[in-house]
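Trainee: Please take me through the helix geometry of this model, with the criteria stated.

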Amino acid sequence: MSTGQLVGYRTELTVSALPSSSLPTEDLLKRSDKAVQLLGYSLKQVVREPVEQASAHEIRYRVPGAAVGDASLHISVNWSGDQLASITSEWSIPEDYRAAMAHQDNTANAIQTYGYMVVSFIMGLISIILAVVFRKKVKFRSATMWVLTIISCGISILHVINLIPGVAMLSLSRAVSFDAILFTTLLQIALTIIQGGVTLYFSLVTGKHLWQRTPYPSIMPTWSDASFGQQLVDAFWRGLCFAGVLLGLQSIIFTGLEYSVQAWSSTDAENSPLNLTIPAFFPLVAWVAAISEETFFRLFGVGLLRKLVRNTWIAAIIPTFVWAAGHVTYPIYPYYSRPVELMILGFVFVWIMVRYNFWTALFAHLMLDTLLMVISYLLEGTAQGMTLGLIYLLLPVILVYAIRYFKEKKTGIGIDEKPKL
């Protein structure tokens, strides 16, 4: 990624089966040796596997110096007739490790499917039903709700399009044109509009309504409130402070998990910004996470169950678990590591929301995720990376102060007349 050195080669073939080479074995091996050298290896660094263990079109090499534990690095040189078809590097992973990871991943996928996706779908339906039930009491024309929905849904759609090349390569193992996956992309966009747009909007308006007859009726100030601008600024700075606290708490939790259950993390190509069409857009996803998750699982989820159990903390258990289950497939193991972490952080977010307001929790979530997403840009040491990281960190500051300025200009409240919290 930093030197531009060749790490692999593959040509797209028009036939499914590779024809055997007509070259003499000695010539085929010499040409394969030269192909390996294209990757930067000297022939002293590799050991060619016996020809009888290779197929008629594949020559394999082992790299002894690259062994990691029981895993070994191999290079595969494939021929299509007399033409070089591919040079690829791959790790041979011990079977017991593969089995253990398959168990972890299968369990995580089941938890995400039934604990997150199914329950989230049900919650979305409930938000729509409640919007109909409370249609005479809910304020559907709130500009604040529309703006939040448009921001979150718009960025989600942008991210779906941004994911296309990485998803195509990871799922199809070959480069494809945009037209070839157009239907899949349009289907994903349609689902995003439903989940990230329609149900988000109804969760916002009904969630705010659910809290109005509780000890926290002003949990979500909106543009119609006279002091909204100043409240938003105060919520941002409080949220920024809490983001630092949450970051430290997250580190403590992971350290505890590492020493108690030997938790560890891996890399995941699907979550790498390097596989996006425009990597610079990746930190925008922090806005989606902050808006949608604080709405679905805190404002709406906790608000809904609180009407049934009359206790905020008992009401927070199920929505917080569902939120945690949505992150269980991240490459952090054992599979229950992230749910443990997020159950703790989730209750902190609930406390922030009821102690201060929805916006404080949203900004705490936003700044925590933004910092985690831009840290790689800041640490890469380039002017471009530093600039990009600072832009994303400063963007919320600029927005909240701009909103306060326009709100005060509209209401006529001067800088010395701002109401105090």
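The exchange below covers one helix and two helix pairs.

Mentor: This is a predicted model, in which local features need pLDDT of at least 70 and side-chain atom pairs count only at pLDDT 80 or more, while totals for chains, interfaces and linings use all residues. Residues are numbered from 1 along each chain as its sequence is written, and side-chain values use heavy atoms, without hydrogens and water.

Trainee: How far apart are the end C-alpha atoms of helix H11?

Mentor: Helices are DSSP runs of H or I with at least four residues, numbered from the N terminus. The expected span is 1.5 Å times one less than the number of residues. The 29 residues of H11 (383–411) should therefore span 42 Å, and this agrees with the end C-alpha separation of 41 Å.

Trainee: At which residue does H11 bend?

Mentor: The bend is the angle between axes fitted to the seven residues ending at a residue and the seven starting there. Pro396 follows the bend within four residues; the bend is about 35°, at Leu394.

Trainee: Which class of crossing angle do H6 and H10 fall into?

Mentor: Axes are lines fitted to C-alpha atoms over the stretch in contact (heavy atoms within 4.5 Å), with angles from 0 to 180 degrees between N-to-C directions. The axes of H6 and H10 come within 6 Å and cross at roughly 50°. Under 35 degrees is roughly parallel, over 145 roughly antiparallel, 65 to 115 roughly perpendicular and the rest oblique. H6 and H10 are therefore oblique.

Trainee: Why is H3 oblique to H7?

Mentor: The axes of H3 (residues 143–162) and H7 come within 9 Å and cross at roughly 135°. That angle makes the pair oblique.

Note on methods. Helices (H or I, at least four residues) and strands (E, at least two) are DSSP runs, numbered from the N terminus.
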